[in-house]
Amino acid sequence: MAASTTGLAAIGPAGTAPDVTLAESDERRRRFRFIQNPKAATGTVILGIYVIFAIIGPWIAPYDPTQRGNALVAAPSAKHWFGTTHLGQDIFSQVLVGTRGVLYVGFLAGAIATVLSVLVGVTAGYLGGLADEGMSALSNVFLVIPALPLIVIITSALPGANETLIALLIGLTSWAWGARILRAQTLSLRRRDYVEAARASGEKSWRIILFEIMPNLTAVIASGFVGTVIFAVMSEITLAFVGVSDVSEWNWGTILYWAQSQQALDQHAWWWFVPAGLAVALLGTSLALLNFGIDEFVNPRLRDSGGQKIRTVSGAVRMRVGFTPVVRPGDLRPPRGARVPAQQPVDAPAAATITFDKEGAR
Amino acid sequence: MTVGAPVLSIRNLDVDYGIGRHAVRAVRDVSLTLHRGEVLGLAGESGSGKSTLAYGMTRLLAPPGVVRGGEVIFHPPGGGEPYDVLSLSDGQLREFRWAQTSIVFQGAMNSLNPVHRVVTQMVDVLKAHEPKMTARARLDRVRELLSLVGISEDRMDSYPHQLSGGMRQRVMIAMALALEPHVVIMDEPTTALDVVMQRQILRELIDLRERLGFSVMFITHDLSLLVEFSDRIAIMYGGRIVEEAPAGALYKDSLHPYSDGLLHSFPALRGARRELSGIPGSPPDLRAMPTGCAFHPRCPMAFDPCAKRVPVLGVPMVPPGGASRPSLADVAVVPAQRGGTGSGQPRARTVACWLHETRPA
């Protein structure tokens with residue numbers, strides 16, 4: 001359209017060629033916007049490192065975690081980075097090998113619980129009536145089941161208590177909270193005008209749920225998933241710590257179990273429990289950060305409004321409701337990589353001078 | 001109270017949405033003066049920048065809105081030193097708001113909190129801004145305010161849902177007047193109401209204006225309403241003011257083809273029959289504004305210079321009526337209450353169109 005190009009020229013007659021590449025880079029930036037959020041980026045990086053260790057941990061571990069050595073309860077050294085246990089086992093290897101089990105149980109349990117909570121919560125909320133009553137009763141029952149004691153009983157009763165079983169048990173007992181939240185949210189969403197409009201125009205129930213309601217629940221579902229993962233990791237480590245799970249399978253809880261039973265604290269063997277404890281804390285932090293990031297990313301309102309900073313010559317100005325920033329053309333600091341205004345012709349007409357300022361601002 | 005002393009003057013205001021490459025300029029180089037005791041109407045299509053102007057000048061624009069330049073000078077009526085609203089600190093801005101300038105928002109009737117009684121919400125304002133007032137004095141003031149807008153006192157203890165839309169709107173207007181501001185900005189305050197209620201509320205507002213002596217900036221797309229109630233009308237198009245004139249003069253003889261198009265989009269109640277034409281096309285895309293006059297692609301009278309240069313707002317040289325278009329002087333609509341509307345003002349009318357030779361205002 002001729003009008004549009006000339007219109008652009010009216011805003012910035014600085015030539016169209018650079019604009020094309022700028023648009024491309026902008027497209028790329030939009031694609032990686034999730035990572036641009038510092039919280040999300042930090043969370044992703046830390047979790048990524050964990051995932052990598054979960055995959056390659058057993059291969060790169062310098063020792064077999066159960067292999068005994070001569071140096072008993074030795075402090076960290078070049079040979080044993082995190083020191084050794086009372087049997088001379090390498091704690092660094094134990095932490096590395098243990099990562100896989102922790103993440104496996106955490107994410108499997110999280111996935112199971114999330115799927116269940118979405119199924120039960122959204123269905124109950126959307127259908128209402130008797131289905132809602134029944135499902136709500138079910139989730140209320142699961143809500144009051146004390147998960148940890150139940151798992152302790154089941155795992156001690158069943159002989160082959162492996163990680164998958166523990167993940168299943170955690171997942172099956174921890175979905176009810178998420179289901180309640182999703183049900184409440186769905187109840188409020190199903191009466192919204194756009195859902196009513198979809199129903200009036202003859203959309204099928206499954207389509208309304210999947211296309212109209214579910215996208216609005218993304219933040220709740222995602223944060224529910226992350227929350228359950230944190231809970232599952234904690235549960236699994238607790239179980240291992242109290243000695244319920246199979247002690248021959250290494251995870252951070254097992255390390256803590258041995259450290260506790262051998263009175264590492266009394267022996268001043270801090271290297272025995274600190275690395276595993278820090279690993280748990282850091283994993284929890286990364287998941288929580290990811291949670292915040294998802295929240296801000298999924299909700300378009302949170303994404304665009306507030307917090308946006310404008311960099312000016314005299315410091316950053318924040319955009320916020322009720323106090324519209326006043327940024328005069330000269331105030332803006334050109335962002336990194338901006339074209340230098342000197343590219344403009346010196347004898348530019350008045351109209352171009354205005355553009356000049358704006359270009360410098362970009 | 002004399003009409004003519006400026007109370008709020010906007011100079012070269014620029015407002016953007018977004019910053020950097022995606023910035024869209026929604027208000028361009030707008031200069032406008034609100035005089036004491038005057039009702040200034042701001043009209044234009046959706047997206048012409050009316051609301052952005054009102055929120056931009058009061059710095060109420062939500063992100064990503066940014067004021068990019070200009071001045072909004074407030075002249076304190078006591079004769080104090082005029083100051084620029086745009087350079088106030090956040091604290092000063094809080095002080096300034098409501099006490100000097102208040103706003104009635106679009107769909108204001110939904111601005112009341114449903115769980116609090118009307119009286120609680122009104123007393124709240126007085127508590128915050130006039131802490132020295134006694135509880136009894138506050139209640140008396142609320143009573144007085146409600147009676148000003150024609151709501152009986154026994155409605156004071158109602159919850160918002162117990163009031164009709166029109167009554168809630170009146171409550172909002174009463175709240176806007178609670179601190180006796182000098183400027184009241186109304187952003188399409190009556191669009192959700194039926195025409196009878198609209199008229200009634202506006203009538204009351206105009207009466208109040210005469211009694212209390214505040215100035216009103218009235219934003220609407222309903223030009224017929226403005227012609228009836230306002231003293232002066234500014235027409236906005238594509239973020240610029242294209243014409244500004246006393247209401248009667250604008251109605252009788254609009255100079256800008258866009259104003260003319262707007263005026264021919266609604267029927268006159270009385271007077272000679274005229275053809276309703278409307279304006280073909282749609283408002284311009286702010287991201288890709290046409291060159292020159294933003295209206296030229298839709299303008300029936302566009303000629304050579306229109307696409308090339310942006311016309312500047314100026315005082316028309318040709319005496320009104322002698323311009324290119326037939327006069328509509330025979331239409332009998334009472335323009336505004338004040339007889340000498342706009343007379344004695346430095347810029348009686350201005351227009352930004354190449355059809356009219358202008359001199360700089």
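## Around B:Met217

Start with B:Met217: setting aside residues within four places in sequence, B:Met217 is in contact with B:Leu34, B:Leu40, B:Leu42, B:Ala54, B:Val183 and B:Ile185. Keep in mind that this is a predicted model. B:Met217 belongs to the largest nonpolar core, a set of 99 residues, and shares with B:Ile235 the distinction of having the most contacts inside that core. Helix H5 of chain B gives the most to this core, with 7 residues.

Apart from that core lies another one, of 71 residues, and its members include A:Val95, A:Val233, A:Tyr257 and A:Ala264.

## B:Leu8 and its contacts

B:Leu8 sits in strand S1 of chain B, which runs over residues 6-17. Is B:Leu8 buried or exposed? It counts as buried, because it has 25 C-beta neighbours inside 10 Å, and the cut-off for buried is 20 or more.

Once residues up to four places away in sequence are left out, B:Leu8 touches B:Leu34, B:Val72, B:Phe74 and B:Val183. B:Leu34 and B:Val183 also turn up among the contacts of B:Met217. Then there's B:Pro76: 68 residues separate B:Leu8 and B:Pro76 along the chain, and their C-alpha atoms are 8.9 Å apart.

## Helix H4 of chain B, side by side

Helix H4 of chain B covers residues 135-148, 14 residues in total. From first C-alpha to last, H4(B) reaches 20 Å, close to the 20 Å expected at 1.5 Å a residue. Its buried residues are B:Val142, B:Leu145 and B:Leu146. Why do they fall on the same side of H4(B)? Because they cover an arc of only 95° around the axis.

Flip to the other side of H4(B) and you find B:Arg136, B:Ala137, B:Asp140, B:Glu144 and B:Ser147, which are exposed. The cover over the buried residues of H4(B) includes helix H3 (118-129) and helix H5 (165-176) of chain B. After H4(B) comes B:Gly150, with a positive phi near 80°.

## Two positive phi values outside glycine

B:Asp29 and B:Trp98 are worth a look for their backbone angles. B:Asp29, in strand S2 (residues 24-35) of chain B, has a positive phi near 50° although it is a residue other than glycine. B:Trp98 is in the loop between helix H2 (90-96) and strand S6 (101-104) of chain B, and its phi is also positive, near 75°.

How exposed are they? B:Asp29 has 18 other C-beta atoms within 10 Å, so it is partly exposed. B:Trp98 is partly exposed too, because 18 other C-beta atoms lie within 10 Å of its own.

## Over in chain A

Helix H8 of chain A spans residues 163-173, and its buried residues are A:Ile166, A:Ala167, A:Leu169, A:Ile170, A:Gly171 and A:Thr173. Covering them, among others, are helix H5 (91-127), helix H6 (129-144), helix H7 (147-157) and helix H11 (205-241) of chain A.

## Chain B overall, and confidence

Chain B has 9 helices and 13 strands. Of its 361 residues, 46% are buried. Take the contacts in chain B between residues at least 6 apart in sequence: 70% of them join residues at least 24 apart.

On confidence, the mean pLDDT of chain B is 82, with 90% of its residues at 70 or more. Over residues 321-346 of chain B, though, the pLDDT is below 50, and this stretch has 50 contacts in the model beyond near neighbours in sequence. Among the elements of chain B, strand S9 (residues 232-237) has the highest mean pLDDT, 92, and strand S13 (residues 358-360) the lowest, 77. For the complex, the predictor gives an ipTM of 0.71 and a pTM of 0.66.

Definitions and conventions:
Residues numbered from 1 in each chain as written. Chains lettered and ligands numbered in written order. Predicted model: local features only at pLDDT ≥ 70, side-chain atom pairs only at ≥ 80, totals over all residues. Buried ≥ 20, exposed ≤ 12 C-beta atoms within 10 Å, placed from the backbone. Helix = DSSP H or I, 4+ residues; strand = E, 2+ residues; numbered from the N terminus. Contact = placed C-beta atoms within 7 Å. pLDDT = per-residue confidence, 0-100. Expected span 1.5 Å × (residues − 1). Arc of directions from axis to C-beta. Core = buried A, V, L, I, M, F, W, Y, C linked by C-beta atoms within 7 Å.
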